[in-house]
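Trainee: Got a minute to go through this one with me? I'd like to start with the strands.

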Amino acid sequence: MIKVCSRCVMDSSIKDLTFSRNGYCSYCQDFFNRYSFQENKNIEEIKLEKLNKFLKEAKAIGKGKKYDCIVGISGGVDSAWTLVEVVKKGLRPLAVHMDNGWNSELAQSNISNIVSKLGVDLYTHVIEWNEYKNLMESFFKSNVVDIEILYDNAFLALLYQQAHKYGLRHLVAGTNSSTEGMRMPKDWNWFKLDKTNIKDIASKNNVRIKTMPIIGVKFWFYCEYIKRIRWISFPEFFSYKKDEATKMLIKEYSYKPYPYKHYESIFTRFYQGYILPNKFNIDKRKLHLSNLVVTSQMNRKDALKELEGIPYNSEKELNEDLEYFLKKMNWSQKDLEVYINKPRSEHFHYKSEKWLFEFLNTKIKNLIPNKLKSFLRNSYTIR
Ligand SMILES: [Zn+2]
């Protein structure tokens, strides 16, 4: 029997989840422990102070340069809202986007609408499709859970490279506790800066990385501690509410919303809506919806109701994406079935540099201020 948390919608199908005596799960409890400072009476003042400090710093660094900061943009609500607000606050950002061949037309038109209306420069890096396809194939063959590490790592690499190139120190992102503050269960994804892991999985399947941007722990530490490039979760400076952000974008930028979080990429949609639930027994909606519930943006009843349906807008859309996936990957229906039925394998069966991050992190931990520690914990989960 699956037991559901009495405060959020996480449940006992999640491996390391435990319940307290009152039926609250360890995931929402952890969220409240970590974000209890939000209840501080002066929180608005503190946030405003931090925002002004950031704006001042970014403007000082941008002086005499073409840009003040980098804004990573996926096409989703959080990053789109961030870009708009950064410009409204008087910064001159370079918007950076990565195209791995799976972007939905909707995401592309959302991005181009916003960028052209704001008049900001957009740098789009298009990954060579054959190389990316081969990398994906190697991940499918290895049966590991985090196929999206390919996109996430490359996007992180791209953002740090661009900041480095223009001598900027702020990577501004739409990451925030309002929609993603609850921790991802450990076996749902993998450490995103694991260049060694990506390369090993690829090479076991005779695939080489030639042009795709990739970032490992060493370059990240160099950017973080020598170049002092900072990850800024911009919505954290505000009382960010996703539905209000969406309304503003629709009204002012003819934005067209997606049914669920991160559905701006067709592969992400198919991965979260089909591959994860069917092959790995993982339903990411539980986490996203729980986040909305614990931050009072949705009531628990509505969240439970939403979970009753399939993780797709409709069967029709699921079938369309399935067809698209098969065609793009050159797979037959049978290939997909075989893949879905193969047992899961683990990232830690391959070479990894996660230990290096943990080692450096503990070594440096005593030298860094507390505020930065929480950043370090969250910095490598960008999606
Ligand atoms: Zn809970």
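Mentor: Sure. This is a predicted model. Start at strand S4, residues 170-173, which runs parallel to S5 and is joined to it by 4 bridges.

Trainee: What stands opposite valine 172 in S5?

Mentor: Isoleucine 232.

Trainee: And the sheet as a whole, what's the strand order?

Mentor: S3-S2-S1-S4-S5. The 5 strands form an open sheet, and the pairing is parallel.

Trainee: Which strands stand at the edges?

Mentor: S3, residues 121-126, and S5, residues 230-233. Each has a single partner strand, so one side of each has no neighbour in the sheet.

Trainee: How much are neighbouring strands turned against each other?

Mentor: By 30° on average, ignoring direction.

Trainee: Let's move to S1. How many bridges does S1 share with S2?

Mentor: There are 4, in the parallel sense, with S2 spanning residues 93-99. One pair to look at is cysteine 69 with its bridge partner in S2, proline 93.

Trainee: Are the two faces of S1 covered or open?

Mentor: Both are covered. Cys69 and Val71 are buried on one side, Ile70 and Gly72 on the other. That fits the usual pattern: in a regular strand, side chains alternate between the two faces of the sheet.

Trainee: What packs against S1 from the helix side?

Mentor: The buried residues of H2 do, and they also pack against S4 and S5.

Trainee: Which residues of H2 are those?

Mentor: Phe54, Ala58 and Gly62. Down the helix axis they fall within an arc of 60°, so they line one face of H2. The spacing makes sense too: an α-helix has 3.6 residues a turn, so residues three or four places apart point the same way.

Trainee: What's on the face turned away from the buried side of H2?

Mentor: Exposed residues: Glu45, Glu49, Asn52, Lys53, Lys56 and Ala60.

Trainee: How far does H2 reach, end to end?

Mentor: From first C-alpha to last, 28 Å, over 20 residues, 43-62. That is close to the 28 Å expected at 1.5 Å a residue. After H2 comes glycine 64, with a positive phi near 80°.

Trainee: Switching topic. What's the average pLDDT of the chain?

Mentor: It is 90, and 91% of the residues score at least 70.

Trainee: Where does the pLDDT drop below 50?

Mentor: Over residues 375-383. In the model, that stretch has 17 contacts beyond near neighbours in sequence.

Trainee: How should I treat those coordinates?

Mentor: Where pLDDT is low, predicted coordinates should not be read in detail.

Note on methods
Residues numbered from 1 in each chain as written. Pairing = 2+ DSSP bridges. Axes fitted to C-alpha atoms, helices over the stretch in contact; angles between N-to-C directions. pLDDT = per-residue confidence, 0-100. Contact = placed C-beta atoms within 7 Å. Expected span 1.5 Å × (residues − 1). Buried ≥ 20, exposed ≤ 12 C-beta atoms within 10 Å, placed from the backbone. Arc of directions from axis to C-beta.
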